[in-house]
Amino acid sequence: MNGKLRQVFRELGILDGCCYLLASALARASGGRLGIFSYRFFAQPLHAAARCGSRGRSIEVRLEGHALQPERFKRDATVLQRRSGQGAHCLAAYRQEELAGFLWYCAGAYEEDEVRARFEFPASAVWDFDVQVLTEFQLGFTFARLWDEASLRLRAEGKRWSLSRISAFNHASQRAHLRLGATQIGRAVFLRASQWQWMASTVWPYWHLSLGPDDSPRLRLPVPAEAP
């Protein structure tokens, strides 16, 4: 047990490590009725030219239609319908017609599905989420090809940034985003207790108490050039 604790604190640090242990204990003790969700918000620049060059040319990336197959993407049909209802788009990478990975993005605003929150951002940005490369393709260029295609498509539409939230407990994903040039633009912590939800954040509205499912905070996320 002490070895596991040392590993948690070594990977996450003292603050995030304590928050992770508390979140895990609350979730187990309450059967999922209590939860702590700690996020960091990142803004990643969209590049005007492909960064992986000729590498990964065998991987085809295409924009999927709204009639997605839940079994292929391993997502519930209601989840896919809710995303389509928000105007979200899915870019999928294929190698010889085999699904290798995908990423989702949404313009204007995004309704979070893990906590009750609406993320709003400038017109120069989109929100990316549910980025996944299937295990057997993780050592190739699938991830780079997905981001190249997303950047080129979105830059052509006048977008300059892609925003996302990453769990504060997922330092590997944070490091990957930082290597791609991302900038941290804020943090937020949500404490959920049945229908109640409390939020504290470094971006407006900074804190919020929600007493029911129809009451959600609207977080205004800046892009780096507009950050105070």
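Here is a friendly set of questions and answers on a predicted model.

Student: How confident is the prediction, and which element has the highest confidence?
Tutor: Let's start with the whole protein: its mean pLDDT is 89, and 96% of its residues reach 70 or more. Confidence is lowest in H2, with a mean of 78. At the other end, at 98, the highest confidence belongs to strand S6.

Student: In what order do the strands of the open sheet stand?
Tutor: The open sheet is formed by 9 strands, and their pairing is mixed. Reading across, the order is S2-S3-S4-S7-S8-S1-S9-S10-S11.

Student: Which strands stand at the edges, and why is one side of each left without a neighbour?
Tutor: An edge strand here has a single partner strand, so one of its sides has no neighbour in the sheet. The two strands in that position are S2 (59-63) and S11 (207-210).

Student: By how much are neighbouring strands of this sheet turned against each other on average?
Tutor: Good one to ask next! Direction is ignored for this angle. On average, neighbouring strands of the sheet are turned by 25°.

Student: Why is S4 described as largely enclosed, and how many of its residues are buried?
Tutor: Buried means under 20% relative accessible area, so that is the test for each residue. S4 is largely enclosed by the rest of the structure because most of the strand passes, the count being 8 of the 10 residues.

Student: How do S3 and S4 pair, and which residue is the bridge partner of Cys90?
Tutor: Strand S3 (residues 89-95) runs antiparallel to S4, with 7 bridges between them. Their hairpin has 2 residues between the strands, and Gln96 there has a positive phi near 50°. Looking across to S4, the bridge partner of Cys90 is Trp104.

Student: Over how many bridges do S4 and S7 pair, and what is the partner of Ala107?
Tutor: S4 and S7 also form an antiparallel pair, over 6 bridges. Within S7, the residue bridged to Ala107 is Val126.

Student: Where do the buried residues of helix H3 lie, and what is the arc?
Tutor: In H3 (residues 77-85), the buried residues are Val79, Leu80 and Arg83. They line one face of the helix, because seen down its axis they fall within an arc of 95°.

Student: What do the buried residues of H3 pack against, and which residues are exposed on the other side?
Tutor: The buried residues pack against helix H2 (70-73), strand S4 (98-107) and strand S7 (125-133). After the helix comes Gly87, with a positive phi near 85°. On the other side of H3, the exposed residues are Gln81 and Gly85.

Student: Is His208 buried or exposed, and which side chain does its side chain make a polar contact with?
Tutor: His208 sits in strand S11. Its relative accessibility is 16%, so His208 counts as buried. Among the residues His208 touches are Gln197, Met199 and Ser216. At 3.3 Å, its side chain makes a polar contact with that of Asp215.

Student: Which residue stands opposite Leu209?
Tutor: Leu209 is in S11, which is joined to strand S10 (residues 196-201) by 4 bridges in an antiparallel run. The residue standing opposite Leu209 is Trp198.

Student: Is Arg6 buried or exposed, and how many Å is it from Asp215?
Tutor: Arg6 belongs to helix H1 (residues 2-30). With 55% relative accessibility, Arg6 counts as exposed. In sequence, Arg6 and Asp215 are 209 residues apart, and in space their C-alpha to C-alpha distance is 39 Å.

Definitions and conventions:
Residues are numbered from 1 along each chain as its sequence is written. This is a predicted model: local features need pLDDT of at least 70, side-chain atom pairs count only at pLDDT 80 or more; totals for chains, interfaces and linings use all residues. Side-chain values use heavy atoms; hydrogens and water are left out. Buried means under 20% relative accessible area, exposed over 50%, partly exposed in between (1.4 Å probe, protein chains only). The arc is that of the directions from the helix axis to the C-beta atoms. Contact means heavy atoms within 4.5 Å. Two strands pair if DSSP finds at least two bridges between them. Axes are lines fitted to C-alpha atoms, for helices over the stretch in contact, and angles run from 0 to 180 degrees between N-to-C directions. A polar contact is a pair of N or O atoms within 3.5 Å; within protein, one must be able to donate a hydrogen and the other to accept it, and residues adjacent in sequence count only if both atoms are side-chain atoms. pLDDT is the predictor's confidence in each residue, from 0 to 100. Lists of a residue's contacts leave out its neighbours within four places in sequence.
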